[in-house]
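Thanks for making time this morning. I would like to walk you through one structure, and I will give the cut-off behind each term as we reach it.

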2 protein chains.
Amino acid sequence: MSAPVTRTLARYIADSRYADLPPAVVHEARRALLNWLGCAIGSARYDTVENALLAISPFAGPPQAAVLGRTERLDILNAALINGISSHVLDYDDTHARAVHPSAPVLPALLALAEWRGLSGADLVHAFVLGVETECRIGLSVFPEHYEIGWHITGTAGVFGAAAAAGKLLGLNEQQLTWALGIAATQSSGLREMFGTMCKSLHPGRAAQNGLTAALLAQRGFTSSEQGIEAPRGFARVMSTKFEPAIITEGLGEHYELSLNMYKPYACGLVVHAAIDGCIQLKREHHLRPADIERVELTTNPLVPELCGKRAPANGLEGKFSVYHAAAVALIEEAAGEPQFSDAVVTRPDVVAVRERVFATADASVRKLEAHVSIIMKDGRVLKKHVEHALGTVERPMSDGDLEAKFRVLTDGILSRAQSDRIITLCWGITELENAAALALAAVPAH
Amino acid sequence: MSAPVTRTLARYIADSRYADLPPAVVHEARRALLNWLGCAIGSARYDTVENALLAISPFAGPPQAAVLGRTERLDILNAALINGISSHVLDYDDTHARAVHPSAPVLPALLALAEWRGLSGADLVHAFVLGVETECRIGLSVFPEHYEIGWHITGTAGVFGAAAAAGKLLGLNEQQLTWALGIAATQSSGLREMFGTMCKSLHPGRAAQNGLTAALLAQRGFTSSEQGIEAPRGFARVMSTKFEPAIITEGLGEHYELSLNMYKPYACGLVVHAAIDGCIQLKREHHLRPADIERVELTTNPLVPELCGKRAPANGLEGKFSVYHAAAVALIEEAAGEPQFSDAVVTRPDVVAVRERVFATADASVRKLEAHVSIIMKDGRVLKKHVEHALGTVERPMSDGDLEAKFRVLTDGILSRAQSDRIITLCWGITELENAAALALAAVPAH
């Protein structure tokens, strides 16, 4: 028999107190909250979100919770779904250093629930930290085999995070939390086959909605197995060939998975980040003018040309899979956010002109988030930069100011400057907020 | 590369016409509909349904669809969920001869959609036949390995059936149906670990709701992989070690899986059915009086004592796992429906007295749905019955009259006699019904 990890985890969640959380972990939650809101608001008008809203709106319940970046209001289960979808549309949300996008499946459930019930910001942060702990530990207990089999771990593990977090916010006891984790287990789903389609974003949306439902059902005495994670026919053994139960329970309350959270400074796949980072640093340090650049040479991990080797991207989406475009636009605009991956920018002649002078060499000794950038200037100078850890990694985190800037770019054109300022202020002060509804309402554009 | 079975199946569903269906298959759909309605109405007041309704009611949308056997009305997605749960609470719903409970995941989605949109009974029947075809073929393509790994195939395959059926009823085209099947694939879930808990019934409920959602999303252009079933990281290869794609596409439109549907005459596990059947036949043929019985000897498949070997069941639920109680009550009441598995009947002295005279011998040469029954009378006579195929199997189906009687017992005390009569009439005439809403409304008890 496996150790009773489902119940042990449920007991930890039930017993945890806000005062137990280290201040650094609480601050990481504030940062994750701000980053998540920017991602969700920033994609509020994308087709993926529009299509999902059109499909479910005729069936939605009372207007209990905001749809981020939009004026519609939905019942909390559908709000969790839609805000979970929008969290991930740009693939710009946070990433745990080893697996799982932590915020997208959890925060949509929590913010909707907190808004509806008028719960405090401190309770929301507490529940969020526990949700991240739950999904990351469960995910890592079956990782990487679970992912390699084909499961999108942000969906499959995320549903546990949402159930645990929503359960904590609802004040469930150990028995109810044990059931909630079991109800989450039996809804765990999401195939990597869906990458590249709208369904990729459906995964955190469903995880948020199903995890929230699991907590609500458990609250009403809806029973499940009490060994949903570890039983011979439970989550771990059915959905992975590896299972290390100790990863779920060892050191609970001693170290926090949220401490290993990373935020993307650039609006494209992580593997390109080190090259972009090096280009931006050289641009800043030397005040480079594109016209003075003869040639750009990148030395990167082999995954970079494999995943992002598009020589001549034709549109914004293809630009995200072109290390050549990414380096060029970084050298011209000193940035690589969503605007730098628009159709217009990707096809702009001055960007194309620099792109054609970018060359990449794969080197297996270079790590995924490492790069060497050399710029040969027309005057013969050679400027070099070795990026050992790309900006946004745990080793070199984005600053709070970086996160604010990212948020402003994402929400530009959707929220007013004053609204964005207000959300930033609310996020940094979230633990003092008596009613977290204020944050949800601040994310609604003025008509 | 696998054959493009997802698209081939979508094309078949899109192109199928009601007039193509053989009359016998249409009639089997009528029988399945009546049997399903009895099961769902019959458990409408069970805790599993009450708890789920309490949990989700605050978030439900407009009153678009009936909750069977109750007076609440919900939006169609939540109605599909609740009616899907109630379908399976008694474990008395239909069973395909090889795998999958076909109706529970599909009909709740269809009836809710048909009621809301005022669609015809013939369209509902057509969509149902295609949904059963879809879930059974997909299920069988990965069976039995998929089930043995730990997946509850009624949930995991059922979601495809609901998506296909709802998609057909919504009039989706081939492309949309391809997406709908992919959206279903990435929501496929449900662990056998949950057997014995309320979550077992959640599986067809979620399958109905998620399949319906898949069709609604696809209708709005929400994209998925177009090889959701067969891709290397699609449903079949991620969730099973066996995959025979030809099972999904061979002979589409030539044979129908619904022809292999079975209905349970007795409210307990299938393995006990042959023994019950033999006892009821002997009781009828010889007008047996319990007081005249000395001893009852059953010879059964070894699974019978293994799964249903409770010698002294203490309550109704335990009675379902006691072949001794089942045989005794069959000899006394000439029936083994829900009333015969109540706490009161299981502990009644006259039932216990006969139960103690029942003995069972396991014999590996006896098939699961076969039994030999010998009754030794006090006057020395020995009455024997060999049940080669239990009532309810494909070889010896329940008659239409048997199904009517089962329906009446299940709905007794919930609907009036007149209401039950009306539903029976509507089911036999379903293909002439211009608006299927009449059927849903007939399943609502008078206040």
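I will take the relation between the chains, then one helix, then the cysteines and finally the salt bridges.

Please keep in mind that this is a predicted model, in which local features need pLDDT of at least 70 and side-chain atom pairs count only at pLDDT 80 or more, while totals for chains, interfaces and linings use all residues. Residues are numbered from 1 along each chain as its sequence is written, chains are lettered from A and ligands numbered from 1 in the order in which they are written, and side-chain values use heavy atoms, with hydrogens and water left out.

Let me start with the two chains. A turn of 180 degrees, with a shift of 0.1 Å along the axis, lays chain B on chain A with an RMSD of 0.1 Å, where the superposition is by least squares on the C-alpha atoms of residues with pLDDT of at least 70 in both copies. That is the relation of a two-fold axis. Of the residues of chain B, Gly61(B) comes closest to that axis, its C-alpha being at 1.8 Å. The copies meet through the same surface, because 100% of the interface residues of chain B are also interface residues in chain A.

Now to helix H10 of chain B, residues 174–185; helices here are DSSP runs of H or I with at least four residues, strands are E runs of at least two, and both are numbered from the N terminus. H10(B) has 12 residues and reaches 16 Å from its first C-alpha to its last, close to the 16 Å expected at 1.5 Å a residue, the expected span being 1.5 Å times one less than the number of residues. How much of H10(B) is buried? The count is 10 of the 12 residues, so the helix is largely enclosed by the rest of the structure, with buried meaning under 20% relative accessible area, exposed over 50% and partly exposed in between (1.4 Å probe, protein chains only). These buried residues, among them Trp179(B) and Ile183(B), pack against helix H11 (199–219) of chain A as well as against several helices of chain B, including H1 (5–15) and H6 (121–142); contact here means heavy atoms within 4.5 Å.

On the cysteines, the search of the whole structure finds 0 disulfides over all chains, a disulfide being a pair of cysteine sulfur atoms within 2.5 Å. For Cys39(A), the nearest cysteine sulfur is that of Cys427(A), 12 Å away, and Cys39(A) counts as buried at 0% relative accessibility. For Cys268(B), the nearest is that of Cys308(B), at 6.8 Å, and Cys268(B) is likewise buried, at 4%.

Finally, the structure holds 47 salt bridges over all chains, each a side-chain nitrogen of Lys or Arg within 4 Å of a carboxyl oxygen of Asp or Glu. In one of them, Arg70(A) pairs with Glu50(A), the closest N and O atoms being 3.2 Å apart. Arg70(A) lies in the loop between strands E1 (65–66) and E2 (73–74) and Glu50(A) in helix H3, so the pair ties together parts that are 20 residues apart in sequence. In another, Glu285(A) and Lys385(A) have their closest N and O atoms 2.8 Å apart, linking helix H14 with strand E8 of chain A across 100 residues. Lys385(A) counts as buried at 18%, whereas Glu285(A) is partly exposed at 43%.
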